[in-house]
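Colleague: I am new to this structure and would like to go through it with you. Could we begin with how the helices pack?

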Amino acid sequence: MVEEYKASFPSEIVREGEVEVLVPKLSAFGVVPSDYAPSRAPVFFNPVMEFNRDLSVLVVRVYQRLVGHEIGVCEPLASQGVRGIRYAVEVGGVSRVLLCDINHNAYELARHNVRCNNLLDRVVVEFGEANCVLNCNASPKRRFDVVDIDPFGSPVSFLDSAFRALRNRGLLAVTATDLAPLCGVHVKACVRKYGGKPMRTEYCHELAVRLLAGCMAQVAARQDMGVKFLFSHSSDHYIRVYAQVGYGCKRADESLRNVGYILHCFNCLHRESVSQLSGGLVCSVCGGKMDYAGPLWVGSINDASFVDSVFSENCAAVFRGRLRLDKLLSLVKAEADAPVSYFVVDNVCKKLGLPAVSVQSFLDALHKEGFKAVQTHFNTRGIKTDASAAIMRKLLGQLVADKA
Ligand SMILES: C[S@@+](CC[C@H](N)C(=O)[O-])C[C@H]1O[C@@H](n2cnc3c(N)ncnc32)[C@H](O)[C@@H]1O
Ligand SMILES: [Zn+2]
C-alpha cells in the first residue's frame, strides 16, 4: 500500500540537480530565498546551499571512482533529504544511503521524498539523533564509505561518531557555519569547540578551515585514524572540508605531525607555521610581538589531483551553478600547493599608506621577480605567494611609484 503524505505546512516541489523534492514553501514563512536561515519553516531547506550540494555530488562521484567499488553513504542530519537523495540518484555506484533527522516533520518529508524518487530499495530514512544513528552503524560490517555532516552551526559534536562510522579509506564531508568563532570573533567559543585559538587576520577564512581540519585530525587520531584532506573551501556563510581517513596508529601519528600553529606579525605582516609554540613569539623579521592561531592543520588542505578530477567532473555536468563551480574549482586547483595564508592586496596597501593596486598588476610584478603567486578562492583580492612580506611591501611600493 502506498503511504499517503500530506505536509502540515505550505510546501512546494523544487527541482535540484536530477531530482525533484517537496520542500517548505519559504515565501509562506516570510523568508527571502537568499537569506541563510530559512529556519522559521518547520523543516529546514536552504536553496542557497544548492551550490554546496552540487559540489558534494561532484566530489562523491570522483571519490566513488577513486575507490572503485559500490559505496554506502550516511547523512545523519538530512532534513528534507535532498542531499542524500541526490547522492543516490546522481552518483554512480551508490548502493545504500542512510538518512536521519531528529525533527519529525523533516523525517516524514524525507521519507516522502525518498518514496517519490523511487529510492525505497536503496535509501532508508530514520527518525533519531545523529550520534545514535552513527554509533549504531559503527560495527565493521555496517560502516559507510561516505559520511556527510551538514549541521546548524558547528559540526564538532558529531565528529567522533562520524569517524567511528567510516570504513577504512572512507570520506568524511563536513560543513561548519559557525564562522564567528572560527574567524576569531568569539575566541573562547572556538577554543572550547575546536581546541584551537583563532586569529582575526585578513586570512581568517583559511584559518577557519585549518582549525576545523586540525580538530578533525585530532578527533580521528583518538580512534587511531589518520586524515588526508582532499578538498576544502570557504563559500558564502560556511566552510566545507572533505577528508579521507586511513586506519592505523601510524597514519594517525603522521597526520598529527601536520597539526601546529601559525604565527603572525601585525607589525610587518610576516607569517610562518611552526609545529610548537616556544619562546616569546618574537617576529624574526622586525622583532615585533607575534600573535598565533592554533593548534590547527598546517599541512595541505587540498589534493591538487583530486581537485583537478572534480574540476573535470564539473565540465561534464550541467548544474545551474556550473560557472560558479568552475571558478571556485579552478582557483582551488591553482592554490592547492601554494603556501599557508594569503595577502589581501588592499590591506597591505592600506597598511603601507599606498593607494590600492589591481590584483593582476601585483601578480604580474611578483611573477616578473620570479616568485610564485596565485589568486585565492578565499578572497577575491587575496594572493598566495612564496614572496616574503618584506618583498611584497617593496614590490607594492615600486608598483605605485611606477604608476605615479
Ligand atoms: C542544516 S540542516 C541539514 C540540511 C540538509 N543537509 C540539506 O542539505 O538540505 C540540519 C538538520 O539537522 C537536524 N538536526 C539537528 N540536530 C540533530 C541531531 N542531533 N540529530 C539529528 N538531526 C539533527 C535538524 O533538524 C536539521 O534538519
Ligand atoms: Zn614582524
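Colleague: How are α13 and α14 oriented to each other?

Modeller: In this predicted model, the axes of helix α13 (residues 359-368) and helix α14 (residues 389-403) come within 10 Å and cross at roughly 120°, where axes are lines fitted to C-alpha atoms, for helices over the stretch in contact, and angles run from 0 to 180 degrees between N-to-C directions. Angles under 35 degrees count as roughly parallel, over 145 as roughly antiparallel, 65 to 115 as roughly perpendicular and the rest as oblique. The orientation of α13 and α14 is therefore oblique.

Colleague: How do the residues of the contact of α13 with α14 divide into nonpolar, polar and charged?

Modeller: Ser 361, Phe 362, Ala 365 and Leu 366 of α13 meet Leu 395, Leu 396 and Leu 399 of α14, a contact being a pair of residues whose C-beta atoms, placed from the backbone, lie within 7 Å. Ala, Val, Leu, Ile, Met, Phe, Trp, Tyr, Cys and Pro count as nonpolar, Asp, Glu, Lys and Arg as charged, and the others, Gly among them, as polar. The division is six nonpolar, one polar and no charged.

Colleague: How are α8 and α9 oriented to each other?

Modeller: Helix α8 (residues 204-222) packs with helix α9 (residues 249-256) at an angle of about 155°, and their axes are 9 Å apart. The two helices, α8 and α9, are therefore roughly antiparallel.

Colleague: Which residues of α8 and α9 make the contact?

Modeller: The residues of this contact divide into five nonpolar, one polar and no charged. On the α8 side they are Ala 217, Ala 220 and Ala 221, and on the α9 side Ala 252, Ser 255 and Leu 256.

Colleague: Which strands are the edge strands of the open sheet in the order β13-β15-β14?

Modeller: Three strands form this sheet, with antiparallel pairing, and two strands pair if DSSP finds at least two bridges between them. β13 and strand β15 (residues 379-385) pair over two bridges, and Phe 343 stands opposite Ile 383 in β15. Each edge strand pairs on one side only, and these are β13 (343-344) and β14 (373-376).

Colleague: How many helices and strands are there in the protein chain?

Modeller: Residues are numbered from 1 along each chain as its sequence is written, while chains are lettered from A and ligands numbered from 1 in the order in which they are written. Local features need pLDDT of at least 70, side-chain atom pairs count only at pLDDT 80 or more, and totals for chains, interfaces and linings use all residues. Helices (H or I, at least four residues) and strands (E, at least two) are DSSP runs, numbered from the N terminus. The protein chain has 14 helices and 15 strands.

Conventions. Two residues are in contact if their C-beta atoms, placed from the backbone, lie within 7 Å.
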